[in-house]
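Student: Please take a close look at the spaces in this model, both closed and open. I would like one connected account rather than a list.

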Amino acid sequence: MSVSFHDRDIISITDFSREEILSLCAAGRRMWEREKTGQRNSLRDALKHRTLSYMFYEPSTRTRTSFNTGMRELGGRYDGFSGTEGTSVMKNETVRDTVTMMCANHNDVIVMRHPLDGSLQWAADVANIPVINGGDGKNEHPTQALLDVLTIYSLREERLDGLRVGFGGDLSHGRTVRSLSLALSHFDDITIRWAAEDFLGMPEELEELLASRGVKVAREKTVRDVMRQVDFYYMTRPQLERMPGVRQKDIVAMMKQYRIDREKIEGFDVRVLHPLPVNSEIAEIDYRVYFTPAQAFFAQAEFGIFLRKALLHEMLGHEGYRHYNGRLPMELAVGNNRLPRRIHGLKQSGMFIDKIHDGAVIDHLAQGTLRAVSYALDLENRGYSCTTATITEKPNPFIKTNLRELPERDLKHVALLSPEPTINYVKEGRIVEKFVYLLCGNANCISRTINEDVPPRFYSDVGTIRCRYCRRPYAVAHRKVTPEERAAYIASLPARIEPVAYPD
Ligand code: CP
């Protein structure tokens, strides 16, 4: 099977096949060989006239600069922002508009990092040039996983099958453990052992996913129990920035027995990896480990340059460029998150206290949310009627308004406060449309933000509903949705994440 990365978005490691990972490892090794034989600049014309745009909403040293180095050594250029200070993000510009500007600025590829899960899929949907995920929230960091795999592949004589790897530090809030373990799941006979505090431990959902992909995952009591049984120990930094309300000193206490120091590696033939940076306060790797043969994380960081250089070469090393035409695809405006419900009879049933001729009924609101929802919609101040009601024999309250169609932001506001509202549109006294509004349940998913106007979209992963952006599974919980309605909705969803077609 031929492998091509031409103009491809790099969003999730799960989009890569085993062959593609191995092909990039081989390409990364070729870059390594050029460097080590004095040919660093032998491809200096490969990306002449190409420009990379880096958009880093979060701090980075390695990811941003290694992409820049790769671009420079291939003869291309780079431009962008590192931190939002000094950009129009400070004036509330959306990701959609900022990404669009980078396309309008005649760039050829975007590398972006953003704190929200799914933000990179959204950026890829918006952009008419390829987008590379440099880290989205606690979701994914696919090029980190690829460089980690390249490091192991290189240090293990180009073999990945049969690997025994340990994970430590923070397996819960970081994205590198997720991406690397999913990358390894393409290979045979992989064993992962980990040791960490419960709070920082491997998420059950990830453990189950890995098990379903044939990876053996075992929790051990101590770091030395792990060290004893692995070839590589992948240590990670506690991601304090993703633990609101948690103090660093609590993490220091939690990490006490899980830090890597010389005593924990003594007697074992193990290589210690770390995506870096190390937090110097927590010191999850003691500085004395830096000077031992086990230390492999600085070589790992340089493999990041070889991997990213190879990836850019594969993606952009061809003639031609994408013209920008100032238009956006309609798909960016409309979601597929409305689960249609059957309309019983043609007329409004007995669900209304006083019937309406034209308008909307927001039904099945969660108990206790009525005030918050009506406050968020602020219908009366916008010139519409707003009747709120709870009927004793029905557990869930509803809102009735003469606003005929709720704008997407209103629907999202309602769903954020009261998941899965039923929306009924009424015309000339008859219900003409009835649907349940679904919204991804991942609190950090970009599709839940109001101002970004991301249209919630799902796909059906062999019958499991998943968010298009953060890819988390979604389970319909609405007690009134029938199995037939649910099945019909799933059947209407795409089977995978298809790229958005850009208008000519
Ligand atoms: N490993 C990694 O992503 O490093 P940076 O945060 O410095 O980019």
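Tutor: The lining of the second largest cavity is made up of three nonpolar residues, three polar ones and one charged one. The residues in question are C103, H106, N107, N128, I129, R322 and Y324. They enclose about 30 Å³ of space. Keep in mind throughout that this is a predicted model. One residue of this lining, H106, has an unusual entry in its backbone: its phi is positive, about 60°, although H106 is not a glycine. H106 belongs to the loop that runs between α3 (95-104) and β3 (109-114).

A search of the whole structure turns up two cavities of 30 Å³ or more. The largest cavity has a volume of about 40 Å³. Its lining consists of I11, S12, N133, D136, N139, E140, Y469 and R471. Sorted by class, that lining holds two nonpolar, three polar and three charged residues.

Two residues from this lining lead on to the open spaces. S12 and R471, which both line the largest cavity, come up again in the largest pocket. That pocket has a volume of about 940 Å³. It is lined by 38 residues, and the closest to its centre are S12, D15, Q121, R471 and I497. Several elements, α4 (119-126), α6 (176-184), α7 (204-212) and β16 (458-461), each supply at least two residues of this lining. The most comes from α4, which gives three residues. By class, the lining of the largest pocket has 16 nonpolar, five polar and 17 charged residues.

The second largest pocket has a volume of about 430 Å³. Of the 23 residues in its lining, R113, R175, R237, L276 and P277 are the closest to the centre. Two or more lining residues come from each of α2 (62-73) and α6. The element α6 also serves the largest pocket, where it supplies at least two lining residues. The lining of the second largest pocket divides into five nonpolar, ten polar and eight charged residues.

Two of the central residues are joined by a cis peptide bond, the one from L276 to P277, with omega near 5°. P277 is found in the loop between β9 (271-273) and α11 (297-316).

The second largest pocket is also where the ligand sits. Around the ligand are S60, T61, R62, T63, R113, H141, Q144, P275 and L276. R113 and L276 therefore appear twice: they are around the ligand, and they are among the residues closest to the centre of the pocket. The shell around the ligand counts two nonpolar, five polar and two charged residues.

Three short distances give the detail. The side chain of T63 has an N or O atom 2.7 Å from an oxygen atom of the ligand. A polar side-chain atom of Q144 is 2.9 Å from a nitrogen atom of the ligand. P275 takes part through its backbone, where an N or O atom lies 2.8 Å from a nitrogen atom of the ligand. On its own the ligand has 250 Å² of accessible area, and the protein covers 92% of it.

Technical notes:
Residues are numbered from 1 along each chain as its sequence is written. This is a predicted model: local features need pLDDT of at least 70, side-chain atom pairs count only at pLDDT 80 or more; totals for chains, interfaces and linings use all residues. Side-chain values use heavy atoms; hydrogens and water are left out. A residue is near a molecule or strand if one of its heavy atoms lies within 4 Å of it. A polar contact is a pair of N or O atoms within 3.5 Å; within protein, one must be able to donate a hydrogen and the other to accept it, and residues adjacent in sequence count only if both atoms are side-chain atoms. Accessible areas come from the Shrake-Rupley method with a 1.4 Å probe; for residues, only the protein chains shown count as cover. On a 1 Å grid over the protein atoms alone, a cavity is a set of points where a 1.4 Å probe fits but cannot get out, and a pocket is an open set with protein on both sides within 12 Å along at least five of seven lines; lining residues have an atom within 4 Å of a point. A molecule sits in a cavity or pocket if more than half of its atoms lie within 2 Å of its grid points. Ala, Val, Leu, Ile, Met, Phe, Trp, Tyr, Cys and Pro count as nonpolar, Asp, Glu, Lys and Arg as charged, and the others, Gly among them, as polar. Grid points are joined across faces, edges and corners, and a volume is the space filled by probe spheres set on the points. Helices (H or I, at least four residues) and strands (E, at least two) are DSSP runs, numbered from the N terminus.
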